[in-house]
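Biologist: I should like a close look at one part of this model, followed by an account of how that part sits within the whole. Please begin with the pairing of two strands.

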There are 2 protein chains.
Amino acid sequence: MATGRTHRPATRSRGIPEATVARLPLYLRALTALSERSVPTVSSEELAAAAGVNSAKLRKDFSYLGSYGTRGVGYDVEYLVYQISRELGLTQDWPVVIVGIGNLGAALANYGGFASRGFRVAALIDADPAMAGKPVAGIPVQHTDDLEKIIEDNGVSIGVIATPAGAAQQVCDRLVAAGVTSILNFAPTVLSVPDGVDVRKVDLSIELQILAFHEQRKAGEETAAGDGALPAATAPAVAADDSTDQGPDGDVPAVMPA
Amino acid sequence: MATGRTHRPATRSRGIPEATVARLPLYLRALTALSERSVPTVSSEELAAAAGVNSAKLRKDFSYLGSYGTRGVGYDVEYLVYQISRELGLTQDWPVVIVGIGNLGAALANYGGFASRGFRVAALIDADPAMAGKPVAGIPVQHTDDLEKIIEDNGVSIGVIATPAGAAQQVCDRLVAAGVTSILNFAPTVLSVPDGVDVRKVDLSIELQILAFHEQRKAGEETAAGDGALPAATAPAVAADDSTDQGPDGDVPAVMPA
DNA sequence: CAATCTTTGTGCACGCGTTCACAAAGACAT
DNA sequence: ATGTCTTTGTGAACGCGTGCACAAAGATTG
């Protein structure tokens, strides 16, 4: 495997590739579905199909966890569910706070997938005093002023940021200072955090833009000429659209802070 | 998913790496912010910092688009904004439909980032008859029965699925049959689509589980034996080793091609 | 017990993406 | 013009992830 080129005295064991980690939840979901149907065992081929991946990849992924399969038979569903859950740390309970209870924050709070597997919404936090006390998804919203106390009291280490872009970095800083070490960021901003803090981002407009790129490429393949002429080599042309996208107050303008 | 660029031997060297495409929206956002502050030029170093990436990576990314920089000076902000917009296909308008107007669908409909940059919510669709006609974000919700007609009448090629998992595949099939060739899926399900259709997925619980994994690993490093868990099974994890986590890794959008 | 069949686990090769490091290009000062 | 300084653009090396292909392991059958 990953070569023995470690500058470290070995102990490779814990080296689960990031790409594999990202797929484990996918396997877990498929396995859970099988479990609910009381399917006792499953082959790499079947499970791979259910998870939408290649079977060789799946087997290699599992090989990083250990040898949990039986040749000629497949994998024991229940056992694998347990092993993956354990590996992902889902056998324990993770209190999570959601900061920014706008449309998106409320949607997240209501999202069932949260509670289902190891995660628990410990608190909802918003900067709007008018929101304070108001229940969302059965949980009363608390004011940003109490953020630090909430984090501490609940032992929260995972925070979800669903604020407008302008507030994201500030909220992030406070979360981190209060002890949060993992952040899921829905605000369209690049967050900077100290080493040791993990940030993952979910950005709708980026996803759409990537789709648009491919969509345009598809369209261009048919219309040979559609490929746009050479760049207007000279003076910088300004993009047609305005570019000022201060969303109507609501959520997240697609711009960065300073 | 190899993004069907396979069947095309490349009209020319238009082979922009997928990883680069995924970063272009990031650069565009940073550039737009600079543009609004009337900054005329920017160096790869500065822009890279704003976008949260490595400057060498940024320069290489731009090199795929052409040579738009000036040595000793940097890049012309306005010009670059235009070039990237054009490359991403944002100089044209993309009508988008959102299917499934629950909490999440409504949040998406209200999301400002939509309209701002090349995308327009052409229609909201929901299976609940009670929703029909009810305006969300100023747009009346239409019933699923009219899905095909809506797609056709508006020339929609990008669809957003925000339905419950159980309905996602069915909705997907109908969207594709009606002509949609790009799908952004928020439902926690693996969608299967014919070749030529792009699917990107956004999955909250997967993101959380990935964070939990890293969170657990961090905790395990300090409390060798603590935490009740039983990671003993394998060899002991080396305490100071890794350095893997790397928070500000910037890249790796929390979304993956499906 | 031996033969056969199924399915895992993995060595290996390949390709993509990242990063380094530096020559070339241009701006700018003298 | 000439030299210096800044910053781009890219060749090359490296590492990670993917997929192939097959030997090993165990089930199953006769």
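Which residue in β9(A) stands opposite I158(A)?

Modeller: In β9(A), the residue opposite I158(A) is S182(A). The model is predicted, so local features require pLDDT of at least 70 and side-chain atom pairs pLDDT 80 or more, whereas totals for chains, interfaces and linings use all residues. Residues are numbered from 1 along each chain as its sequence is written, chains are lettered from A and ligands numbered from 1 in the order of writing, and side-chain values rest on heavy atoms, without hydrogens and water.

The two strands in question are β8 (residues 158-161) and β9 (residues 182-185) of chain A, which pair in the parallel sense over 4 bridges. Strands pair here when DSSP finds at least two bridges between them; strands (E, at least two residues) and helices (H or I, at least four) are DSSP runs numbered from the N terminus. The pair belongs to an open sheet of 7 strands in chain A, ordered β6-β7-β5-β4-β8-β9-β10, with mixed pairing. At the edges are β6 (135-136) and β10 (198-201), each with a single partner strand, so one side of each has no neighbour in the sheet.

The edge strand β10 of chain A contains R200(A). This residue has 10% relative accessibility and therefore counts as buried; buried means under 20% relative accessible area, exposed over 50%, and partly exposed in between, with a 1.4 Å probe and protein chains only. The side chain of R200(A) makes a polar contact of 2.4 Å with that of E207(B). A polar contact is a pair of N or O atoms within 3.5 Å; within protein, one must be able to donate a hydrogen and the other to accept it, and residues adjacent in sequence count only if both atoms are side-chain atoms.

Chain A also has an open sheet of 3 strands, in the order β1-β3-β2, with antiparallel pairing. Its edges are β1 (41-42) and β2, each with a single partner strand, so one side of each is left without a neighbour in the sheet. Two strands of this sheet, β1(A) and β3(A), are joined by 2 bridges, and T41(A) has D76(A) as its bridge partner in β3(A).

Chain A as a whole has 9 helices and 10 strands, and 49% of its 258 residues are buried. Among its contacts (heavy atoms within 4.5 Å) with a separation of 6 or more, 56% involve residues 24 or more positions apart.

In soluble globular proteins, nonpolar side chains tend to be buried together. The largest nonpolar core here has 111 residues, and I84(A), I84(B) and F114(B) have the most contacts inside it. Such a core is a set of buried Ala, Val, Leu, Ile, Met, Phe, Trp, Tyr and Cys residues joined through side-chain atoms within 4.5 Å. Beyond its neighbours within four places in sequence, I84(A) is in contact with L24(A), Y27(A), L28(A), L31(A), F62(A) and L65(A). Another core, of 22 residues, lies apart from this one and includes V99(A), L147(A), I150(A) and C172(A).

There remains the DNA. DNA strand C is surrounded by 26 residues, the closest being S44(A), R59(A), Y75(A), R23(B) and R71(B); a residue is near a strand if one of its heavy atoms lies within 4 Å of it. Of the atoms of DNA strand C within 4 Å of the protein, 63% belong to sugar and phosphate. A side-chain N or O atom of R59(A) is 2.9 Å from a base nitrogen of this strand, while a polar side-chain atom of Y75(A) lies 2.7 Å from a phosphate oxygen. The surface near DNA strand C draws its largest share, 4 residues, from α3(B).

Around DNA strand D there are also 26 residues, of which K57(A), K60(A), R71(A), S44(B) and Y75(B) come nearest. Polar side-chain atoms of R71(A) and R59(B) reach base nitrogens of DNA strand D, R71(A) at 2.7 Å and R59(B) at 2.9 Å. A side-chain N or O atom of Y75(B) is 2.7 Å from a phosphate oxygen of that strand. For DNA strand D, the largest share of the surface, 4 residues, comes from α3(A).
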